[in-house]
Amino acid sequence: MNFDQMRNIDLKKELKNRGLKGYSSLKKAELIEYLSTGIHSLKNTNESIEIVKDKIHEPFSEDTEYSTTLLSKTYKKLPINQILSGDCLQILPTFPDGVFDCCITDPPFNMSKKKGLGWAFSSHVTMQEQWDIFSKDDYFQFSVDWIREVLRVLKTNGNLFIFGSFHCIFTIGFILQNLFDRRIISQLVWYKPNAQPNITCRMFTESTEFIIWAVNNESKKAKNWTFNYETMKGMNSDKQMRNMWEIPLTLRSERKHGKHPSQKPVAVVNRIMLAGTNEGDLILDPFSGSGTTAVVADQHNRKWIMIEKDDTYNQIAQMRIDELSNRLFEENLIKSQNLISHGSYVG
Ligand SMILES: C[S@@+](CC[C@H](N)C(=O)[O-])C[C@H]1O[C@@H](n2cnc3c(N)ncnc32)[C@H](O)[C@@H]1O
């Protein structure tokens with residue numbers, strides 16, 4: 001898209017289509033900058049932010065340090081274990097370089113259809129989500145933009161796991177390998193034994209998703225990435241873990257706080273988390289949806305920051321996180337009471 005040749009009104013329409021807000025008083029150059037980077041001048045930034053719940057955070061708060069130069073605002077204190085409500089293309093630039101150990105994320109796949117049947121892939125749901133509809137060019141640009149920012153905020157040699165289907169995985173792989181020259185370590189295949197049948201009978205029944213595992217360094221320089229080989233072997237009857245994982249669709253019990261059309265099973269994210277991160281690591285998910293990454297990170301004592309622009313999903317995520325933390329609290333209480341009653345606790 002050539003933004004320079006577009007009228008202001010069309011630039012604004014384009015921003016609206018991309019779900020970006022707060023552009024009403026921007027000048028043409030600023031509109032173009034906003035479209036190309038997902039960021040715009042600070043004076044308007046707050047317009048796009050709503051706080052839905054006490055625990056879902058406004059990303060630009062008193063903990064944010066603003067500098068006078070456009071586009072250079074950074075967190076004084078990282079919002080650890082918080083869901084940030086808003087567009088990741090606006091929020092990621094507020095983080096300093098190289099702070100995350102790992103990013104596990106499930107971006108829009110661009111497989112929804114405006115009309116008719118989209119690809120129903122994680123339960124009996126047809127994907128017709130606005131956040132998942134892009135033109136081919138826009139999807140490419142969107143993917144370049146968020147991947148560039150994620151690579152900036154990830155530590156050197158930090159792990160990056162990205163979900164995708166055939167609709168987008170080649171684009172994402174191309175961007176990582178060819179544009180950013182990142183080392184791809186593996187392509188994981190999640191095989192869904194209970195995938196729903198193909199009702200058109202014109203093609204194979206879609207029953208896989210892919211996860212690209214890349215390391216944040218130039219392909220020749222990548223080294224010392226985290227891979228918990230023994231843990232994976234232990235989870236696979238003491239045989240080397242293969243890159244094809246047979247795991248059923250998201251369980252109904254994982255959706256009890258509300259449905260997300262592409263919620264990932266805890267079991268898939270769990271395996272990624274245990275393979276590619278260590279206790280205490282800081283994990284990023286810029287497309288957090290119903291918060292599966294945070295739920296699994298909490299379970300394994302990892303820290304996290306989630307970003308999601310839809311507050312309905314943020315509320316589901318917060319309920320899942322709260323439920324788990326209550327359960328972990330109760331389990332720890334029972335464990336410590338047992339230790340005390342068996343006399344093995346030394347206070
Ligand atoms: C494929 S879903 C993630 C589902 C998640 N893995 C789960 O288990 O629930 C992608 C999510 O990204 C969100 N999203 C799309 N574009 C976004 C953006 N620019 N910034 C933040 N969130 C975005 C959508 O609202 C959607 O919830």
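Mentor: Welcome! Let's start with a working rule: helices here are DSSP runs of at least four residues and strands are runs of at least two, numbered from the N terminus. By that rule, Ser237 lies in the loop between H6 and E9. Please keep in mind that this is a predicted model.

Trainee: Thanks! Why is Ser237 called exposed?

Mentor: The cut-off for exposed is 12 or fewer other C-beta atoms within 10 Å. Ser237 has 6 other C-beta atoms within 10 Å, so it is exposed. Its backbone is worth a look too: Ser237 is not a glycine, yet it has a positive phi of about 50°.

Trainee: What makes Asn224 count as exposed?

Mentor: The reasoning goes the same way. Asn224 has 9 other C-beta atoms within 10 Å, and it is therefore exposed. Asn224 sits in the loop between E8 and helix H6 (229–234), and its phi, near 55°, is positive in a residue other than glycine.

Trainee: And why does Asn194 count as exposed?

Mentor: Because Asn194 has 9 C-beta neighbours inside 10 Å, and the cut-off allows 12 or fewer. Asn194 belongs to the loop between E7 and E8.

Trainee: Which residues does Asn194 touch, leaving out those up to four places away in sequence?

Mentor: Asn194 touches Pro248 and Leu249. Asn194 and Pro248 are 54 residues apart along the chain, while their C-alpha atoms are separated by 5.9 Å.

Trainee: How do you know that E7 and E8 are paired strands?

Mentor: Pairing needs at least two bridges found by DSSP. Nine bridges join strand E7 (residues 182–191) to strand E8 (residues 208–218), and the two run antiparallel. One example is Ile184, whose bridge partner in E8 is Ala214. E7 is also joined to strand E9 (residues 244–246), by three bridges and in the parallel sense. There, Val189 stands opposite Met244 in E9.

Trainee: What makes us say that both faces of strand E10 are covered?

Mentor: Look at E10, residues 282–285, one side at a time. Leu282 and Leu284 on one side are buried, and Ile283 and Asp285 on the other are buried too. Buried means 20 or more other C-beta atoms within 10 Å.

Trainee: Which strands pair with E10?

Mentor: Strand E5 (residues 100–105) pairs with E10 over two bridges, in the parallel sense, with Cys102 bridged to Ile283. E11 also pairs with E10 in the parallel sense, over four bridges. In that pairing, Leu282 stands opposite Lys303 of E11.

Trainee: Why is H7 described as largely enclosed?

Mentor: Eight of the eleven residues of H7 are buried, so the rest of the structure largely encloses it. Among them are Val266, Arg271, Ile272 and Met273.

Trainee: What makes H8 largely enclosed?

Mentor: Six of the eight residues of H8 (residues 292–299) are buried, so it is largely enclosed as well. They are Thr292, Thr293, Ala294, Val295, Val296 and Ala297. Just after H8, Asn301 takes a positive phi of about 55°.

Trainee: Where does the largest nonpolar core get the most residues from?

Mentor: Helix H7 (residues 266–276) gives the most, with six residues. This core has 55 residues, and Val150 and Ile211 have the most contacts inside it. Leaving out residues up to four places away in sequence, Val150 touches Leu92, Cys103, Leu160, Leu284 and Pro286. A second, separate core of eight residues includes Leu11, Leu20, Tyr34 and Leu35.

Trainee: How many residues surround the ligand?

Mentor: There are 19, the closest being Asp106, Phe287, Gly289, Ser290 and Thr292. Helix H3 (88–91) and strand E11 (303–308) are the elements that give two or more residues to this shell. By class, the shell has seven nonpolar, six polar and six charged residues.

Trainee: Where should I be careful with the model?

Mentor: The protein chain averages a pLDDT of 85, and 81% of the residues score at least 70. Over residues 41–53, however, the pLDDT is below 50, although this stretch has 31 contacts in the model beyond near neighbours in sequence. Residues 66–72 also have a pLDDT below 50, with seven such contacts. Where pLDDT is low, the predicted coordinates should not be read in detail.

Methods: Residues are numbered from 1 along each chain as its sequence is written. This is a predicted model: local features need pLDDT of at least 70, side-chain atom pairs count only at pLDDT 80 or more; totals for chains, interfaces and linings use all residues. A residue is near a molecule or strand if its C-beta atom, placed from the backbone, lies within 6 Å of it. Ala, Val, Leu, Ile, Met, Phe, Trp, Tyr, Cys and Pro count as nonpolar, Asp, Glu, Lys and Arg as charged, and the others, Gly among them, as polar. pLDDT is the predictor's confidence in each residue, from 0 to 100. Two residues are in contact if their C-beta atoms, placed from the backbone, lie within 7 Å. A nonpolar core is a set of buried Ala, Val, Leu, Ile, Met, Phe, Trp, Tyr and Cys residues joined through C-beta atoms within 7 Å.
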